[in-house]
Amino acid sequence: MASSMTISARGVAFAEKRPLFFDVLENLWHPESNPDGIVNLGLAENALLHPELVDFINSQRLDGPHALTYGDGFSGSKSLHKALCRFLNRQFRPRVLLEPSAMVVTAGASNAVECCAWSLFESGDYVLIGRPYWTIFQHLFGTRAGVNVLEVSFGSINPFGTEASELYDQACIRARDEGKRVKGILLCSPNNPLGQCYPREVLESVMKVCRKHNLHLISDEIYGLSTWDNPQMEHGVGFTSALSLEVEKLMDPSMVHVVWGMSKDFGATGLRIGCLISQGNPALLASAEGISSPKVIQFPIQFSRQGTTALLMNDEYVDNLVALNRHRLAESYRYVTEFLRGHQIPFRKSNAALFVWINLAAAVPSPCRSDDEILAKLRAKKVYITSGQTYASEEAGWFRLVIAHPREVLEEGLRRMILSFE
């Protein structure tokens, strides 16, 4: 009997959606132990702080019977809540200081986004997201919660300019004229995959659109501290958290929700620590805690909670890590963009997140080559980069190149990328 006959129709559909990067992770390149492996420049992991994090975690004594239990509940220990508040109050500078009662801890930031989908939307509702964007949001909103993503295209309009908010406004009006229930806007701030921060005035203008249409604003700030100075960006701005704005003057504070986690800014995807912050909506947090039953939504294990708490309570060590991450990202960005210029590969200037948005179609010898054809050539040389179609890009030929790797990984990956076009 065929294996597809032994599982449900939806099980078959999920099997077909198995991420490609699983195969990449099973055969990662290493200069000594696996020189014929795949160089991963596609998955948005930050390896720049791994030596320091390993040293810190190994220096901690994370034992005791409490670590073998459910701890203080499924939404984070009391000590972790306090540590996250301490850390975010120092780094994100919220206008109203965060208190532990204003957040729940989740198994990563993606889990926090899915909690929003469950608790703020009904099945069949819509959330607005500007293009390009991390299309896994479609899964986080849609697969279990049944919420639809409505894409907003910008064309020639700068998505980081105040005029972009008008397009969110128009999209909401059109959708409602079509009978679609729009309940919120999601911003990835800083933006994935464009690697740029939203100016304060743009965030404020989007909040005004939310007020006009009675929408929730979900600000995914997972890359909030992964920023660097880029003197080559004429209009580059630093990161502004939605928490730092005078929200009550712009929209209903109970409809502003912020997501953050350890995965990107600290390069700690394996810890599975995220948080959902909603300073004006205790009902949302109570609902998220209900969702965070281990039988429904994953919750972070106790060892991760203890390690993260110890780290975030060490102000001096955290400050050094944040500064070191920014320095190493800037160095990686300079190295990669100099390489791209030297090989006449167009790219979009950035100063945030872990990647550079590059136009490979404009650099390959043959004209009119599709994203799939370019990806096939990259795979033939065993280098993994994700294409713009993965991010609902409005223009073909663009790819997201992750730069948050040690120099030897970048050198090998870029070398293979060029070889793939010969």
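**Helix packing and domain contact**

Me: Why are helix 4 and helix 11 oblique to each other?
Reply: This is a predicted model: local features need pLDDT of at least 70, side-chain atom pairs count only at pLDDT 80 or more, and totals for chains, interfaces and linings use all residues. Residues are numbered from 1 along each chain as its sequence is written, and side-chain values use heavy atoms, without hydrogens and water. Angles under 35 degrees count as roughly parallel, over 145 as roughly antiparallel, 65 to 115 as roughly perpendicular and the rest as oblique. The two axes (lines fitted to C-alpha atoms over the stretch in contact, angles from 0 to 180 degrees between N-to-C directions) meet at about 50°.

Me: How far apart are the axes of helix 4 and helix 11?
Reply: Helices are DSSP runs (H or I, at least four residues) and strands are too (E, at least two), numbered from the N terminus. Helix 4 covers residues 78–91 and helix 11 covers residues 315–342, with axes 12 Å apart.

Me: Which residues of helix 11 meet helix 4?
Reply: Contact means heavy atoms within 4.5 Å. From helix 4 come R86, F87, R90 and Q91; their partners in helix 11 are D315, V318, D319 and V322.

Me: What area is buried between domain 1 and domain 2?
Reply: An automatic or database assignment sets the domain bounds. Domain 1 is 9–51 + 318–420 and domain 2 is 68–315. Buried area is the accessible area (1.4 Å probe) that two parts lose on being put together, summed over both. Carbon and sulfur atoms give 53% of the total, about 3,300 Å².
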